[in-house]
Every structure is written in structure tokens, then in C-alpha cells.
Amino acid sequence: MNAVSAPEDLAVPVIRMRGISKHFGGVTALENVDLDAYAGRVLAIVGDNGAGKSTLIKILTGVHQPSSGTITIDDESLVLDNHSDAIALGIDAVYQTLALADHLDPAANMFLGSELTRRFFGIPFLDNRKMRKEAERVLDERLGVKLRSMNVAAESLSGGQRQAIAIARAVYHSDLRVLVMDEPTAALGPQETARTLKLIKVLREEGLAIILISHSLDDVFEVADQVQVMRRGRRVGVVNTADSSSQEVLGMIVGAGAEGETS
Amino acid sequence: MSTQESTLAAVSAGRSWQERLEPYLAIVGPLAMIAMILAFMAVVEPARYFRLSNLNIILLEAALYMPMAMAMTFVITQRGIDLSIGSVAALTGIIMAFAIKQYGFPAWVAVGMALMIGGTFGLINGLVITRFKVPDLIGTLAMDLVYRGFALVLAKGLVLARFPDLITDIGRGRISGFLPIPVLIGLITFIVGAIVLRKTWFGRYSIAIGSNPESAEMTGIAVDRYKVYAYVLMGAMAGLAGVMLTGKLNAIQATSAPYFNLHVIAAVVVGGTSLFGGRAYMLGSLAGVLLLSLMINALVTLRIEFFWQSVASGVVIILSVGLYTWLQKKDRDGSKGVLASLSTPDNRKLFKLAAVLILGIVSLIVLGFVFATTTTGSG
């Protein structure tokens with residue numbers, strides 16, 4: 001792991017969430033949670049089931065709205081009413097389910113919802129050839145992935161290739177700043193996991209701020225620069241992976257070392 | 001990656017004939033069945049079946065279903081279904097007939113109205129399904145009753161007949177030396193449908209919605225709106241079929257077009273479009289329409305009673321869905337042949353249930369004969 005500078009030494013975080021609380025009816029999912037994500041850094045969010053990881057990133061991606069608290073991007077405060085607002089501001093997510101249409105080919109999947117078109121007599125038609133070229137280019141140049149065939153349905157691809165297409169969809173928007181990845185390696189074998197982690201490193205080198213949700217501490221310590229530990233809707237600590245260990249993080253997750261609570 | 005690629009290559013080199021065939025199944029399936037029907041008829045009734053006038057009848061029959069099969073391909077690709085098309089066709093036909101006969105509307109206005117009103121009925125179907133959240137099967141079945149009811153209310157028992165030339169041209173006209181006009185209309189709708197499927201947002205999103213509705217929603221596709229579009233297209237094409245039917249028979253009544261829904265669904269499904277969504281084969285649907293027309297005409301040529309047609313449509317649906325599902329099953333390991341799979345504990349219980357039912361029926365029949373009294377005519 002290359003040396004990681006402490007967050008205080010870095011410039012302004014791209015994303016700064018402060019005092020985020022979220023109540024669902026009488027249930028408190030998040031209470032006074034902060035989050036800082038920096039460009040070119042991978043921030044992992046770990047915690048037990050129900051610790052509030054998903055709720056936190058759903059607020060960041062505009063799917064949920066916080067009960068209280070503020071979000072800023074480059075020190076400008078944001079109000080995200082829905083997911084498209086977040087995408088327009090350069091915040092996108094790759095979901096665990098990947099949101100792929102199994103019967104469509106890789107290019108169609110990558111551009112699903114934002115197809116490239118060409119006009120004939122003023123009527124927009126899908127430009128399948130251009131989408132295929134662009135998909136091949138983005139997969140190759142930005143993710144270093146070459147598919148054997150661009151003509152096959154997504155269902156016939158491997159888990160890692162499907163992941164690559166879902167990531168390519170998010171990174172295609174040139175103004176993408178923050179990429180949230182929800183359990184990207186949960187359904188993958190060792191080889192595919194290694195490939196996906198490599199993709200994450202590639203994206204980090206490109207200067208994206210990456211927020212990674214994961215249950216696998218091995219993966220977290222492999223790619224993340226910082227780990228934010230959540231427990232029962234609170235942030236119980238943030239550690240640099242360089243000067244921590246999975247034992248320490250595990251202790252924070254289950255709440256063993258009470259001295260670990262810094263928030 | 002390299003090891004992975006080599007294993008993939010090894011797998012593809014050893015692909016079975018089934019995997020090689022799979023992309024073409026949609027078109028090979030119906031073509032094989034068409035060939036079987038033609039071969040059968042060539043042996044049994046070649047003289048009457050292969051007459052030019054009979055082939056014309058087959059094409060005219062097929063043309064009527066072509067626009068609806070095109071639209072139904074989109075609806076079924078989205079995991080939807082529309083059971084109301086027969087009633088929509090009858091009701092739009094009757095409204096058009098009234099506009100012409102009662103109010104003296106010009107024919108072209110009435111035809112335009114039929115298409116628009118059909119589309120409006122489709123819009124109602126779509127809204128019932130997406131806004132009221134009525135499952136498509138029940139929603140369109142209920143609307144089928146509604147539309148049929150309105151048709152009966154409007155036309156009572158009347159048969160409206162004798163229409164202007166434009167209507168009969170649409171239904172049975174012929175460009176001399178070329179194809180009949182309805183066949184031309186049907187083929188044009190299919191060409192347009194194939195382009196829309198491949199080249200427009202509507203086509204692309206129809207596949208995405210049928211493939212995985214949650215994914216489609218997550219990528220920001222307006223799932224409900226595109227579903228409504230498909231039903232509007234379906235309604236408009238059913239309206240067109242209403243015009244074509246009226247023109248073909250030069251008459252329309254409230255009870256016309258009774259089995260359009262099953263016939264069209266059978267044609268689309270036999271063409272390889274999956275009822276489970278995401279797989280659309282426009283060319284397959286066209287082949288399916290031709291297949292059903294050939295089959296029904298064969299039944300007529302063989303002087304089999306008209307009512308067997310509905311039996312045939314139903315059997316075609318069941319067989320083709322079952323066959324495609326079976327062919328697409330990837331994992332055949334662990335299945336030790338038909339006999340072994342029939343003797344699983346579950347299946348043995350089902351056999352027992354079937355045996356009890358059959359035994360019950362047989363014993364009731366025996367009892368019926370034993371205690372039979374003299375019969376009286378039911379009339």
C-alpha cells in the first residue's frame with residue numbers, strides 16, 4: 001500500500017456530509033453522521049447489517065433525503081431531490097444488482113437511459129454503431145477491459161465483465177466526480193474480485209473520489225485509503241488503512257474497543 | 001484474463017448444436033413447422049391447398065393479424081399482455097361503421113378515427129395497468145368485457161354492411177400484378193416495427209423493461225410511460241385490424257373478431273418472443289402469423305370444424321412456450337432421462353392425483369349408465 005496522507009493534510013474534500021440524520025417513521029437510521037470523500041482517494045464504509053451504510057449513500061446519491069444535515073460538493077451546498085440531480089452533479093453509483101438488462105448487449109447496457117442518437121429527417125434514431133464504438137473505447141481505455149464479443153447478451157458475461165459494464169456506464173459521464181460502489185465484490189469469485197479491485201484502483205488514479213461499501217475487510221484493506229466505520233446509525237470512527245489493521249476495524253464494527261469511538 | 005479467455009474459447013469450440021442454433025431458433029422454429037404443414041398438405045390435399053386462390057386467402061387472413069402481431073411483440077417483450085384486442089377491433093370497426101353509415105363521414109376520416117380511437121382504448125388499458133396497478137392479465141380481460149359490451153350496446157344485433165371503396169380496398173383490395181393491399185399494409189407495419197425495435201428508445205426500453213424492470217427503473221427509464229406507449233400502439237393496431245376486418249368482409253357486427261387475442265399471442269409466442277420478457281423477434285412474429293394462417297387454412301381445407309381452430313391456437317401457445325423454455329434450459333446435468341424424472345416423489349404424487357381423478361370420472365360414467373333413464377331431447 002502506498003503511503004497515505006492524513007485527511008487533514010489534503011485539500012478540501014469533494015464531498016462533505018455534516019450532521020446527517022435520517023428517520024424512517026420512528027426508526028432512526030442515521031444520527032449525526034459526517035462523511036468526507038477526497039478526489040483520488042478510496043473511502044470504504046464498513047459496518048454490520050443495519051449500521052446505516054446504505055442509507056448514508058442513498059442520501060448522497062439523492063435516492064433518500066436527509067431528515068437533517070448538510071451536503072456540500074466543493075464547498076457548495078447541495079440539495080438532492082432525486083437520483084438524477086446527483087448524476088447531474090457528478091455523483092453516481094454502481095449498485096450491487098448492477099442494474100443491467102440481461103437481454104441487451106454490453107453497449108446497449110452501458111448507454112441504457114442515455115442513448116446516443118442520430119437524426120434522420122429530424123427524428124432521433126439510436127446510433128447503435130457509435131454506441132458500440134464508444135463502449136469498446138471506454139471499456140478499453142478507462143477500465144482496461146476487452147470483451148471477447150460486443151454482440152452477446154449481458155447475461156452470458158462473467159460477473160467481473162458485468163461489473164465493468166456497470167462501472168463504464170457511470171464513468172462515461174465525463175463530469176463524474178464521485179463514484180459510490182455498493183458491495184461490488186459480494187457476488188464475485190477470487191479472480192473476478194481481484195479484477196474489480198484493480199478497476200477501482202484505475203479509477204482512483206483517474207482522480208475520482210470513490211466510496212466503497214463492503215463487507216470484506218480484505219478487499220477494503222487492499223484498495224481503500226481510509227475506512228469509515230458505522231455502527232447503529234452512527235459514525236464510530238475513521239482510520240487510515242496504512243496505520244490500522246483489520247483487527248482494529250473489526251473491533252470498531254462490533255463495538256469492542258470503546259476507545260475507538262472518535263466521533 | 002488469458003486463462004479465462006482460453007477456457008471461454010474451449011467452451012465455445014465445444015458448443016453443442018443447440019447452442020449454435022439458439023440465436024436462430026425464433027425463425028427456425030416457425031419455418032420448420034411451416035415446412036411440416038406444407039409437406040403434410042402436399043401429401044393429403046395438394047390440389048385444393050396449393051391453388052393460387054387459396055394462397056391468396058391464406059395471405060389475406062395473415063395480413064389481418066400482422067399489425068396486431070407487430071404491436072403485441074412490443075407488449076409481450078415488456079412482460080405485458082393484451083387480451084382486449086378482439087373487442088377493440090370490433091368496437092372501433094363499429095364506431096367507424098356508424099360514422100360512415102349514420103353520420104355520412106368521409107371514409108378517410110372514419111379510418112383515421114378508428115386508428116385514433118383504437119389508440120385511445122390502448123391508452124385506457126395502459127393507464128388501468130400502470131396507474132390503477134391492475135395486473136395486465138386481469139386489467140385487459142376486464143376491459144375486453146367493457147369494449148365488447150359497448151360494441152353490443154351500440155350495434156345491438158345489427159350487421160353493418162356495404163362500405164365505401166376505401167374501406168374494402170384496405171380489407172381486400174389488390175394492386176394488380178402485385179400483392180393484396182392488406183398484405184402490403186401488414187408487411188409495412190412489420191418493417192416499421194422492426195426499425196422501431198432496433199433503432200428507437202421505445203424499442204430499446206421495451207427490451208430493457210421486459211429484461212429487468214427494476215434495472216430499467218434504476219437507470220432512469222420511465223417504465224410506466226413506455227408501457228403505456230406499447231398499449232397505445234397495440235390499441236391503434238387493433239383499430240387498424242378493425243378497419244381491415246370490416247373491409248375484408250364488407251360487414252361488421254358486435255360479435256366480430258372473437259379470438260383475436262389468443263391468435264395474435266400464439267403467433268408472437270411461436271415466433272420466439274418470450275412471455276417472460278426481454279426477447280423480441282419481429283421476423284419470428286411475422287413467421288408466426290403466416291404459420292397460424294397456414295395451419296387454420298389447412299384445418300379448413302381438411303373440412304375440420306371451425307371450432308377446432310380455438311383448440312389449435314391454444315395448443316400452439318402451450319407447445320411453443322413449453323418448447324422454448326425447455327430449449328433455453330442450460331443445465332441438463334442431473335436429469336437422468338424422462339422415465340427417471342417422471343418417477344420423482346413429487347411426480348408420483350401427481351400421478352396418483354391424476355389416477356384418482358380419472359378413476360372418479362370413469363366410475364361416475366359407469367354409474368351414469370347403470371342408473372340411466374330414458375333421454376329427452378334438450379331442445
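**Close-up 1. A hairpin in chain A, built from β7(A) and β8(A).** Welcome to the first view: β7(A) and β8(A) make a hairpin, with 2 residues between the strands. One residue to look for in the turn is Phe121(A), whose phi is positive, at about 55°. This is a predicted model, as are the views that follow. Strand β7 covers residues 117–120 of chain A and strand β8 covers residues 123–126. The two pair in the antiparallel sense, with 4 bridges between them. To pick out one of these pairings, find Phe120(A), whose bridge partner in β8(A) is Ile123(A).

**Close-up 2. An open, antiparallel sheet of 4 strands in chain A.** Reading across this sheet, you meet the strands in the order β2-β1-β4-β5. At the edges stand β2 (27–37) and β5 (76–78) of chain A; each has a single partner strand, so one side of each is left without a neighbour in the sheet. On average, neighbouring strands here are turned by 30° against each other, direction ignored. Helix α1 of chain A, residues 53–60, packs on the sheet and touches β1 (15–24), β2 and β4 of chain A. The direction of this helix makes about 115° with that of β1(A).

**Close-up 3. Where β4(A) meets β5(A).** Here we look at one pairing from the 4-stranded sheet. Strand β4 of chain A spans residues 68–73, and 3 bridges join this strand to β5(A). The two strands run antiparallel. A handy landmark is Ile71(A), which has Leu78(A) in β5(A) as its bridge partner.

**Close-up 4. An open sheet of 6 strands in chain A, with mixed pairing.** The order to follow is β6-β9-β10-β3-β11-β12. Its edge strands are β6 (91–94) and β12 (234–240) of chain A, each of which pairs on one side only. Neighbouring strands of this sheet are turned by 20° against each other on average, direction ignored.

**Close-up 5. The β3(A) and β10(A) pairing, and helices that pack on the sheet.** Strand β3 (residues 42–47) and strand β10 (residues 209–213) of chain A pair in the parallel sense, over 4 bridges. Within this pairing, Leu43(A) has Ile211(A) of β10(A) as its bridge partner. Helix α6 of chain A, residues 190–205, lies across β3, β9 (178–182) and β10 of chain A and runs at about 155° to β10(A). Helix α8 of chain A, residues 246–254, also packs on the sheet, where it touches β3, β11 (226–231) and β12 of chain A. The direction of α8(A) makes about 25° with that of β11(A).

**Close-up 6. The contact between chain B and chain A.** Now for the meeting of the two chains, which takes 24 residues from chain B and 29 residues from chain A. Together they bury about 2200 Å², 56% of it on carbon and sulfur atoms. On the chain B side, Trp201(B), Arg204(B) and Met218(B) lose the most area to chain A, together 27% of what that side buries.

**Close-up 7. Polar links, and the chain B side that touches chain A.** How many salt bridges does the rule find across this interface? There is 1, formed by Arg279(B) and Glu155(A), with their closest N and O atoms 3.5 Å apart. Residue pairs in polar contact between the chains number 9. On the chain B side, α1 (2–13), α10 (181–199), α11 (201–211) and α12 (213–218) each give two or more residues. Of these, α11(B) gives the most, with 6 residues. By class, this side has 9 nonpolar, 10 polar and 5 charged residues.

How values were computed: Residues are numbered from 1 along each chain as its sequence is written. Chains are lettered from A and ligands numbered from 1 in the order in which they are written. This is a predicted model: local features need pLDDT of at least 70, side-chain atom pairs count only at pLDDT 80 or more; totals for chains, interfaces and linings use all residues. Side-chain values use heavy atoms; hydrogens and water are left out. Two strands pair if DSSP finds at least two bridges between them. Axes are lines fitted to C-alpha atoms, for helices over the stretch in contact, and angles run from 0 to 180 degrees between N-to-C directions. Contact means heavy atoms within 4.5 Å. Buried area is the accessible area (1.4 Å probe) that two parts lose on being put together, summed over both. A salt bridge is a side-chain nitrogen of Lys or Arg within 4 Å of a carboxyl oxygen of Asp or Glu. A polar contact is a pair of N or O atoms within 3.5 Å; within protein, one must be able to donate a hydrogen and the other to accept it, and residues adjacent in sequence count only if both atoms are side-chain atoms. Ala, Val, Leu, Ile, Met, Phe, Trp, Tyr, Cys and Pro count as nonpolar, Asp, Glu, Lys and Arg as charged, and the others, Gly among them, as polar.
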